[in-house]
Amino acid sequence: MTIPGQAAADALVARLGVTIDPELLVLALTHRSFAYEAGGLPTNERLEFLGDSVLGIVVTDRLYRDHPDLPEGDLAKMRAATVSQKALSEIAREIDLGPCILLGKGERTTGGADKDSILCDAVEALIGAVYLTHGIDEARDMVLRLVDGHLKAAATSGVALDWKTSLQEACSEHGRPAPVYTCEGEGPDHARTFTATVTVDGVALGTGVGSAKKHAEQAAAAEAYRAVVAQA
């Protein structure tokens with residue numbers, strides 16, 4: 001199968017700095033909306049599952065080795081920040097991944113090529129494709145090239161790595177009651193969007209939107225955290 005926009009895909013591989021088996025590259029770039037419209041082609045979801053695990057072990061290993069004095073909780077926060085949907089979608093934009101993803105007409109017209117969830121999944125699928133093409137060593141090298149900036153940022157971001165925990169701690173520190181979250185989802189199962197609101201002492205202080213409940217709640221917590229600190 002030839003990728004529509006083959007030149008863009010070739011340029012993507014060049015930016016990644018590693019070759020990828022052509023069939024696996026096509027698969028890594030095939031979103032389920034395109035696969036459905038094309039009559040039930042395989043999607044990138046299995047590669048995404050694999051790539052997520054490769055990404056996790058590579059980042060965990062690097063953090064463990066680079067920060068021998070940090071406790072497990074801090075390492076977990078740093079890993080969460082590095083492999084988050086926000087971080088991976090930023091990486092996808094840095095390598096101009098969006099235009100290379102095979103999307104159905106509906107997703108294309110609604111801006112799917114720049115949706116955080118789709119970009120994040122495609123990054124993980126590419127990692128899975130590199131792992132299957134070359135093994136763990138090449139995959140590790142590529143992952144570390146991609147996440148280097150986010151690893152460095154995680155080492156200096158402190159408590160803000162987990163906004164829900166940060167908000168909980170800020171409320172406690174400033175004598176405020178515990179935050180309360182509400183979350184609603186809308187849209188079809190394959191493209192569901194969640195909107196979360198967090199209230200503190202009955203006042204809505206933050207709203208967040210994401211492709212998963214946890215992402216929406218983290219975004220809402222980040223906004224509320226800044227409000228609580230500003231009001232202190």
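This passage describes the strand arrangement and the aromatic contacts of a predicted model.

The sheet is an open one, in which 3 strands follow the order β1-β2-β3 with antiparallel pairing. Since β1 (180-186) and β3 (203-210) stand at the edges and each has a single partner strand, one side of each is left without a neighbour in the sheet. Neighbouring strands are turned by 20° against each other on average, direction ignored. Strand β1 is joined to β2 (residues 193-200) by 7 bridges, and the two strands run antiparallel; within this arrangement, F194 of β2 is the bridge partner of G185. Helix α11 lies across β1, β2 and β3, and its direction makes an angle of about 145° with β3.

As to the aromatic side chains, the count comes to 1 aromatic pair. This pair is formed by W163 and Y225, with a centre-to-centre distance of 5.4 Å and an angle of 55° between the planes, and it is classed as tilted. Because W163 belongs to helix α10 (residues 163-173) and Y225 to helix α11 (residues 213-231), the pair ties together parts that are 62 residues apart in sequence. W163 has a relative accessibility of 22% and therefore counts as partly exposed, the limit for a buried residue being under 20%.

Charged side chains also lie over aromatic rings. R226 is placed over the face of W163, at 5.7 Å from the ring centre, while K164 lies over the face of Y181, at 4.5 Å from the ring centre.

Technical notes
Residues numbered from 1 in each chain as written. Predicted model: local features only at pLDDT ≥ 70, side-chain atom pairs only at ≥ 80, totals over all residues. Heavy atoms only, no water. Phe/Tyr/Trp six-rings, centres within 6.5 Å; stacked < 30°, edge-to-face > 60°. Helix = DSSP H or I, 4+ residues; strand = E, 2+ residues; numbered from the N terminus. Buried < 20%, exposed > 50% of the residue type's maximum accessible area, 1.4 Å probe, protein only. Lys NZ or Arg CZ within 6 Å of the ring centre and 35° of its normal. Pairing = 2+ DSSP bridges. Axes fitted to C-alpha atoms, helices over the stretch in contact; angles between N-to-C directions. Contact = heavy atoms within 4.5 Å.
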